[in-house]
There are 2 protein chains.
Amino acid sequence: MDQDQCTDVHTVKKLQDIAEKLRIFSIRSTDASKSGYPTLCSVAEVISVLFFHTMRYTVEDPEHPNNDRLVLSKGHAAPIMHAIWAEDGCFSESELLKLGRIDSDLEGHPTPRLNFLDVATGSLGQALSCAAGMAYTGKYFDKSNSHVFCLIGKSAEGSIWEAMSFASHYKLDNLVAILDVNRSEQREQTVFQHDLDIYKARAEAFGWITLIVDGHNVVELAKTFWAATQARGKPTCIVAKTYEGHGIPEIVDDKNCHGNLLEAKSETVIKFVKEKIVNRGPDGIVPVESFLSLKLTNTSVQLASPPAYRLGENVDIRQAYGTALVKVGESSDAIVVLDGDTNDSTFSKMFKDAFPDRFVECFLAEQSLVGVATGCAWRERTIPIVSGLACCLARALDQIRLAAASQTNMTFSGSHCGVSHKALEDLSMFSSIPGSIVFYPSDAVSTQRAVELAANIRGICFIRITSRSSVPVIYSNEEPFAVGKAKIVRQSNNDQVTIVASCVTLFEAIKAAESLAASGVNIRIIDPFTIKPIDVATIIASAQQTGGRIITAEDHYAEGGIGSAVSLALSEHPNIVIRRLFVPEVPHDGPFEELLDRYGINAASIIKEVKSITSSTHARN
Amino acid sequence: MDQDQCTDVHTVKKLQDIAEKLRIFSIRSTDASKSGYPTLCSVAEVISVLFFHTMRYTVEDPEHPNNDRLVLSKGHAAPIMHAIWAEDGCFSESELLKLGRIDSDLEGHPTPRLNFLDVATGSLGQALSCAAGMAYTGKYFDKSNSHVFCLIGKSAEGSIWEAMSFASHYKLDNLVAILDVNRSEQREQTVFQHDLDIYKARAEAFGWITLIVDGHNVVELAKTFWAATQARGKPTCIVAKTYEGHGIPEIVDDKNCHGNLLEAKSETVIKFVKEKIVNRGPDGIVPVESFLSLKLTNTSVQLASPPAYRLGENVDIRQAYGTALVKVGESSDAIVVLDGDTNDSTFSKMFKDAFPDRFVECFLAEQSLVGVATGCAWRERTIPIVSGLACCLARALDQIRLAAASQTNMTFSGSHCGVSHKALEDLSMFSSIPGSIVFYPSDAVSTQRAVELAANIRGICFIRITSRSSVPVIYSNEEPFAVGKAKIVRQSNNDQVTIVASCVTLFEAIKAAESLAASGVNIRIIDPFTIKPIDVATIIASAQQTGGRIITAEDHYAEGGIGSAVSLALSEHPNIVIRRLFVPEVPHDGPFEELLDRYGINAASIIKEVKSITSSTHARN
């Protein structure tokens with residue numbers, strides 16, 4: 001592919017023809033579904049040139065890791081992506097008309113239900129981070145020479161600038177962002193109208209090569225895209241001036257057209273567009289084969305050696321986490337670890353030191369951190385583990401939601417949880433993610449196993465990491481762990497209450513149990529290990545053996561943590577009373593022991609609750 | 001205050017002396033608390049010059065709306081802020097030594113428990129949006145000539161750039177950002193080291209006047225701050241080059257010093273610093289009085305006229321929401337509405353059209369949207385109502401958490417909720433916020449009352465807005481509504497099951513009830529109105545009258561919605577069985593009715609569940 005091809009008359013005409021066809025496809029499919037944004041065919045020329053001139057990929061193997069990729073930040077432009085693949089022969093035109101139907105995988109926004117789309121996007125401004133993660137993976141892990149293109153409609157979201165900063169810092173010259181400045185942002189005209197120099201100045205200030213182009217001129221587009229692929233040492237941002245509804249005379253640049261269907265106007269519009277097409281048959285431009293082949297990484301993950309602790313010794317759970325990262329990293333070169341400039345706090349530094357080439361520093365920008373990780377997980381090129389402070393991950397909830405929708409295998413760990421660092425919504429946030437698995441390990445052994453299990457689970461996992469130096473090891477190195485399987489930590493044959501608690505509150509429960517035992521009251525203690533799913537069978541069996549009484553105690557707010565999980569699990573099981581101890585308000589600063597006392601989740605509070613619940617009429621009467 | 005004062009030898013010496021004193025205070029208080037970041041006294045000169053030369057404020061009335069304000073984005077620099085106010089005579093030096101104790105309001109990060117701090121910050125990069133909201137309020141609502149200064153330590157977070165864009169768009173020339181480039185970011189040196197030109201280029205590209213200054217030179221600082229206060233039409237960004245630990249020879253610019261205590265070194269360091277102070281007595285520089293007085297806005301909010309609908313008519317709940325915004329806006333000029341470029345989708349456009357001067361367009365940048373609203377709520381200058389799409393608010397969870405910690409009176413509404421727009425975690429997210437109130441109105445009348453109630457509640461409120469045209473009015477215009485009070489929508493004296501459902505699923509339950517009644521089975525239907533708090537008494541009473549059987553049905557995921565709220569509320573009440581209907585996975589695109597059916601939350605699903613629960617042994621046997 002050389003630059004001269006861009007001016008070949010035959011090629012130019014064909015690219016223009018394809019753009020018109022894409023325009024028709026997108027009008028027809030959105031009309032058929034009565035939803036979508038047909039006017040977004042303003043990017044028809046951009047897409048046509050990218051897919052039929054610039055990009056190198058194998059139609060027969062859309063998942064090939066060496067294919068160039070296009071990531072749609074403009075998620076609602078999905079219909080035109082579908083149209084591309086119809087044009088490429090992947091499915092019939094009639095399939096396109098099923099857009100948005102419940103029996104069709106062609107949805108209004110791109111999702112990876114379709115094997116040629118990589119990440120679910122559509123939540124504005126997230127895709128560039130994902131594209132940066134793909135480009136990082138291509139350049140540094142796969143050492144491929146493929147390119148990642150990202151088509152962006154709006155740039156107001158701060159996540160865009162986090163990604164811009166990441167990409168230039170890591171010299172991602174295989175990344176090309178195309179900013180479609182179409183002068184429409186919902187019903188308002190965008191802030192900057194068509195003042196492209198503002199976009200140019202910003203992108204340049206963030207370290208990108210920046211090129212301005214007429215987004216409807218296929219020759220200019222072809223030359224500019226070609227120039228972008230020749231960049232060295234910097235990512236390229238192409239600022240494309242377009243008009244919404246270009247090529248459709250009835251609506252071009254009409255500020256009321258975004259999101260409206262053409263409906264009655266459709267046939268007239270299609271007729272007009274069709275007449276502009278010269279070559280209606282197969283267009284003769286064959287996508288260029290990509291030419292690298294890669295070995296796939298080993299995606300079966302295990303701890304390279306079992307945990308090696310002494311029962312009763314004190315181990316900071318972060319230390320166990322860092323050790324586990326190194327061990328799973330030894331077993332599989334698919335494991336990569338990302339952190340947002342907190343690697344010494346989260347102990348992901350241990351992985352960084354062991355495998356510097358597989359550690360990605362994302363600096364203090366959590367949205368970018370999660371987006372990049374999603375991109376790294378692309379096509380299962382890697383298994384990313386994202387380390388952060390539990391409270392900071394809240395910054396990236398929307399990115400985590402989209403990662404879930406992308407069916408990504410991705411594990412998060414959140415350190416500095418609980419009352420001492422005011423991270424008290426983390427279990428709730430991760431539990432609300434569809435299909436997520438939420439681990440809350442109580443000691444070093446179970447933490448190592450949580451990392452091992454999480455790395456093998458397809459979907460979003462969260463591991464809550466307690467950051468305290470004085471956590472005793474309570475499980476032997478051989479203890480087996482499984483998702484949804486609780487451990488009974490203490491029991492007798494005359495237990496009167498079941499306590500469900502994890503880590504900090506588990507140890508408070510043990511203290512409470514010892515004190516109560518001295519006065520002749522025995523209690524059972526359950527460590528759930530995973531909060532979602534929670535081990536319903538074990539908890540019910542225990543409750544039935546302890547007078548139908550359960551107390552949950554957790555270093556978390558009332559909603560979405562251990563108490564919630566237990567209440568939900570038992571909602572269909574009457575005859576069980578659940579009392580819940582939790583942190584009821586935004587906590588004050590203070591020494592840890594005083595905080596546990598003030599917010600009622602220490603041994604004394606548990607003892608008080610045990611006495612209260614056993615003195616009231618119990619559930620089974 | 002004129003520029004010449006900056007060079008007065010006496011003033012310069014005093015400002016430098018104060019900087020040294022602040023340095024000592026911060027060392028002593030962090031030593032006493034064994035935590036904190038004493039090395040952050042790198043900003044001692046910046047703070048000294050701001051508070052004792054540049055800023056105009058009344059020490060006796062720290063809450064006065066015309067005071068110039070400093071917002072700390074560098075939240076962990078709180079000890080130096082405490083020291084300032086001790087220096088100003090607000091409390092004794094001995095009070096400072098209680099930093100971080102549970103009995104002291106001097107916490108490691110700033111919180112509004114102290115009446116001279118405005119917003120809880122410390123989650124990095126949020127404060128500039130808050131400061132921009134304060135500046136917007138000062139300039140456009142209060143028409144004050146006060147200034148807002150914002151001291152920023154890190155600029156990697158994308159939220160910074162959203163705020164930068166907002167501030168320049170609205171020409172906030174009363175806003176001054178001070179970027180403390182101290183070349184330390186946790187254990188890593190920052191990406192750009194001391195390359196100040198990169199920061200300058202970025203801030204300028206985002207439309208700010210940008211000035212570079214030596215952050216340890218009080219003369220330069222005074223001149224630069226003075227210049228910033230003279231800016232017209234643009235906000236000013238001051239890039240200050242500093243060294244962490246400046247003035248403390250043992251640790252200056254030592255990359256390992258961040259977060260470490262001086263401890264043993266303290267006395268030597270303090271001795272060294274003290275010797276540099278010439279004037280140890282009261283320094284003689286009196287803060288300048290601010291000179292405007294303002295009328296306070298009316299903060300008692302009600303609907304200017306009651307709802308005016310016909311029972312049974314179909315009204316889109318967004319329409320009722322927009323109408324209610326206008327009505328509360330008529331009753332109180334404190335009400336301001338913010339939106340992120342979705343005002344025609346959320347119907348906040350109705351308020352925009354009625355009160356254009358009290359509508360703030362924040363464009364597609366939700367983190368900035370919420371941060372600006374927090375700033376607008378500052379000192380109760382306004383009561384902000386933030387309108388957005390339910391799914392987009394997830395982008396700003398961390399900002400919402402901090403708004404809650406700031407005890408802000410702020411209401412959020414989320415439209416386009418539920419299975420049709422894939423916003424299925426919103427109830428969970430807002431329920432997990434401490435102290436929040438979560439409304440889920442089912443018709444137009446209850447929606448108007450929800451807006452009225454929310455506007456009067458101190459804390460975070462969320463109103464879930466269903467975006468469908470065919471929602472019938474089921475309550476009379478006179479119906480009273482209250483937080484935590486459910487409505488029994490349908491009952492008989494032989495109901496066999498209680499259904500708890502809101503809006504979409506409430507109407508499905510009504511359909512189910514009509515169908516079941518035809519076959520002789522009566523069911524009770526409860527509309528909870530608020531999901532948090534939920535009306536425990538009404539639900540328990542109903543359950544007891546309906547065989548101990550409850551079914552919840554909701555257009556939300558399993559966690560954190562109606563089913564969760566009911567299960568948690570009843571966790572201590574045995575003899576009640578709860579079955580839950582919810583959306584179990586990331587939904588497919590498709591027509592609404594088909595989605596309700598596929599995910600099991602329509603009338604047919606409710607009928608099936610009623611038959612199942614009544615045929616099994618019921619709870620009270």
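This report describes the contact between domain 1 and domain 2 of chain A in a predicted model.

## Basis and domains

Local features require pLDDT of at least 70 and side-chain atom pairs count only at pLDDT 80 or more, while totals for chains, interfaces and linings use all residues. Residues are numbered from 1 along each chain as its sequence is written, and side-chain values use heavy atoms, without hydrogens and water.

Chain A comprises domain 1 (3-274), domain 2 (314-472) and domain 3 (487-616), with bounds from an automatic or database domain assignment.

## Extent of the contact

Domain 1 of chain A contributes 29 residues and domain 2 of chain A 26 residues to their contact (heavy atoms within 4.5 Å). Together these domains bury about 2,300 Å², 60% of it on carbon and sulfur atoms; buried area is the accessible area (1.4 Å probe) lost on putting two parts together, summed over both.

Of the area that domain 1 of chain A buries against domain 2 of chain A, 24% is supplied by Gln126(A), Phe141(A) and Glu162(A), more than by any other three residues.

## Polar interactions

One salt bridge is counted between domain 1 and domain 2 of chain A (a side-chain nitrogen of Lys or Arg within 4 Å of a carboxyl oxygen of Asp or Glu). Asp142(A) forms a salt bridge with Arg381(A), with the closest N and O atoms 2.9 Å apart.

Conventions: Chains are lettered from A and ligands numbered from 1 in the order in which they are written.
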